[in-house]
Number of protein chains: 2
Amino acid sequence: MLDPRKLLLLRELARRGTIAAVAEAVTFTPSAVSQQLSALEREAGVPLLERTGRTVTLTPAGHLLVEHAQTVLEQLERASAALAAVRGGPSGPLRIGAFPTATRALLPAALTALTAAHPGLEPMVSEIDPADVSAALRAGELDVALVHEYDFVPPVTDASIETEPLFSEPMYLTDRPSVADARDDSWIMNKPGTLCHTMAIRACQAAGFEPRVRHHIDDFDTILAFAAAGQGVALVPRLAASSPPPGVTLTRLPLSRRTLVAFRRGYGEHPAIRAAVAVLRPSAL
Amino acid sequence: MLDPRKLLLLRELARRGTIAAVAEAVTFTPSAVSQQLSALEREAGVPLLERTGRTVTLTPAGHLLVEHAQTVLEQLERASAALAAVRGGPSGPLRIGAFPTATRALLPAALTALTAAHPGLEPMVSEIDPADVSAALRAGELDVALVHEYDFVPPVTDASIETEPLFSEPMYLTDRPSVADARDDSWIMNKPGTLCHTMAIRACQAAGFEPRVRHHIDDFDTILAFAAAGQGVALVPRLAASSPPPGVTLTRLPLSRRTLVAFRRGYGEHPAIRAAVAVLRPSAL
DNA sequence: GGTCAAGCGTAAGCTCAGCTTATGCTCGAC
DNA sequence: GTCGAGCATAAGCTGAGCTTACGCTTGACC
């Protein structure tokens, strides 16, 4: 394997012209430089330099190797710079909370981007319902969280929590043209206590009825499978409705769900939080 | 500076999973690999691996460095391959003959390309008139030569010399619409004994007159400068007529000059000759 | 032509990086 | 509980690569 230290000397020779000048530049003796270049020549198997007068000049093969040496050394520089960035950049554990759909749909790509950009970070993900996020953030159990808001559920405003909106998505209803048309159907909803559950109940109340809830299921894929099996109707966000099972028709409703990222107030400029928010923005996904 | 030997070990660790496997692959002891990777970690200033169970796994920073290591090692491989190509490729002196215009207009770029592709070659150029090329090639004073043929001068066919046509170019006449119109002018021609001189004489004879030759000059730029100074008319090839001096108008004639590359018969497959012909073809220029 | 400094190469010696061997620790399988 | 796989550390040895010393060649200057 070619030794980059020797390649560096060759490149410096190409720049400076004499072995003595190279030696001075790297604070070696000219003898050391001469020996190193001789060794490089031996390894290369081709003459790289030749005496001309009392200095040396590069042969064409020498110039060729200088070109390659240049790219090798640049690449090594880049590697060192990347390590320096890791040393200086955000590092350590980063506790991320997210609602289940986001965990499945958003986080894989986001985490890949996050650790690629900041290898020192150790993201740790916990599924958590938006209703519980504020407490977890305040308690320091989470550093940053993905939450959502629904039209029918006023957002909890907590002075110690800051949010940044990420995107908005429409809601879909299974097999019925509107919520009002599902008055007499069985409903499949998320577990009580979750924001999605509250949203679905309120949506029905706004349509003038109390829904009959038969199933309590948190996973939207399972909910859609139940709907396909004729077990009832359900409200699902677009994020969970990208590939509905056959037999389920989805109707877009004039309801929307907004996804936000939440963190403790004042931590928006914390490097790790900044990095996490950056990879979660729609433009990064 | 990062040591590529250590980077190689890191990359192998990413591939093979255990230090023991890496050690076997590079025929070291596991201890040596462990020490090297520890040293790399120290130089990097970031944890690169961590014990998990009884094996080690790469940290995100470790994976990042593996990516860079990969490109560094590939680049070093390329450099080695280039040197191997130089060792195996054509090398040594290559004596090239060329007529003066070609020396000026064609060879600089061609030689650059030639030594870039085959740094082992040492091209040595001699200006030589096409009329003398056959003898020089046969005598071994040249290995390859650029020559030209004119419409009025039948090409010398020599059984021991092989040629390959490169390109054809039109001839231009200064300040007169045709050769016949220059019957009464003074002429500026190349030195007697050159092919260009013979060509010009024959062209005049074909137009029905013997030219009155006032100047004998070999360099076409000088010839054009003389023409601009009103010293006479001249025939010049396009290669020499790319930027005529002000005051000279050039008329394209139905005469052409063909440039060929010549070498000893049977040497067309010689690596150095092949390489030289390749960079002289119009597609390479 | 003689002298001298600049520049390079080689020989000899020394230092330290990096290998091996030896040993101990931890983890996971049986 | 036992045992082997896997890794880390300590100790010792070898060789790569540095310095110092010296000689040769070249080109400038007198």
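This is a walk through two protein chains and two DNA strands, stop by stop.

Before you click anything, note that the model is predicted: local features need pLDDT of at least 70, side-chain atom pairs count only at pLDDT 80 or more, and totals for chains, interfaces and linings use all residues. Residues are numbered from 1 along each chain as its sequence is written, chains are lettered from A and ligands numbered from 1 in the order in which they are written, and side-chain values use heavy atoms, with hydrogens and water left out.

**Stop 1: chains A and B together**

Show both chains and look for the axis. Two copies of a chain are related by a rotation about an axis and a shift along it. Here a rotation of 180° with 0.0 Å of shift along its axis puts chain A on chain B, with an RMSD of 0.1 Å (a least-squares fit on the C-alpha atoms of residues with pLDDT of at least 70 in both). That is how a two-fold axis relates its copies. To find the axis from chain A, select A:Val72: its C-alpha is the nearest one in that chain, 3.0 Å away. Both copies use the same surface, as 97% of the contact residues of chain A recur in chain B (contact means heavy atoms within 4.5 Å).

**Stop 2: DNA strand C**

Now select DNA strand C and the residues near it (those with a heavy atom within 4 Å). You should pick up 21 residues, the closest being A:Ala20, A:Ser34, B:Arg5, B:Thr29 and B:Gln36. Sorted by class, there are five nonpolar, ten polar and six charged residues. The classes go like this: Ala, Val, Leu, Ile, Met, Phe, Trp, Tyr, Cys and Pro are nonpolar, Asp, Glu, Lys and Arg are charged, and the others, Gly among them, are polar. On the DNA side, 67% of the strand C atoms within 4 Å of the protein are sugar or phosphate, and the rest belong to bases.

Zoom in on the phosphates for some polar contacts (pairs of N or O atoms within 3.5 Å; within protein, one must be able to donate a hydrogen and the other to accept it, and residues adjacent in sequence count only if both atoms are side-chain atoms). A polar backbone atom of A:Ile19 sits 2.9 Å from a phosphate oxygen of strand C. For A:Ala20, a backbone N or O atom is 2.7 Å from a phosphate oxygen. From the other chain, B:Arg5 brings a side-chain N or O atom to 2.7 Å from a phosphate oxygen.

Colour by element next: H2 (19-25), H3 (30-44) and E2 (55-58) of chain A, plus H1 (4-16) and H3 (30-44) of chain B, each give two or more residues to this surface. Helices here (H or I, at least four residues) and strands (E, at least two) are DSSP runs, numbered from the N terminus. Which element gives the largest share? H3(B), with four residues.

**Stop 3: DNA strand D**

Switch to DNA strand D. Again 21 residues surround it, with A:Arg5, A:Gln35, B:Ala20, B:Ser34 and B:Arg54 the closest. Sugar and phosphate make up 68% of the strand D atoms that come within 4 Å of the protein.

Select A:Arg5 to see a side-chain N or O atom 2.7 Å from a phosphate oxygen. Then go to A:Arg54, where a polar side-chain atom lies 3.0 Å from a base oxygen. At B:Arg51, a polar side-chain atom is 3.3 Å from a sugar or linking oxygen. H3(A) gives the most to this surface, with four residues.

**Stop 4: the sheet in chain A**

Leave the DNA and show the strands of chain A. Six of them form an open, mixed sheet in the order E4-E3-E5-E10-E6-E9. E4 (121-127) and E9 (235-237) each have a single partner strand, so one side of each is left without a neighbour in the sheet. From one strand to the next, the twist averages 30°.

Select E3 (92-98) and E4(A): they pair in the parallel sense over seven bridges (pairing takes at least two DSSP bridges). A:Pro93 has A:Glu122 as its bridge partner in E4(A). Then add H10 (271-280), which packs on the sheet and makes about 165° with E10(A). Such angles run from 0 to 180 degrees between N-to-C directions, with axes fitted to C-alpha atoms, for helices over the stretch in contact.

**Stop 5: the sheet in chain B**

Finish at the E6-E9 end of chain B. Three bridges join E6 (161-174) to E9(B), and the two run antiparallel. Pick B:Tyr172, whose bridge partner in E9(B) is B:Val236. Last, show H7 (130-138), which packs on the sheet against E5, E6 and E10 of chain B, at about 145° to E5(B).
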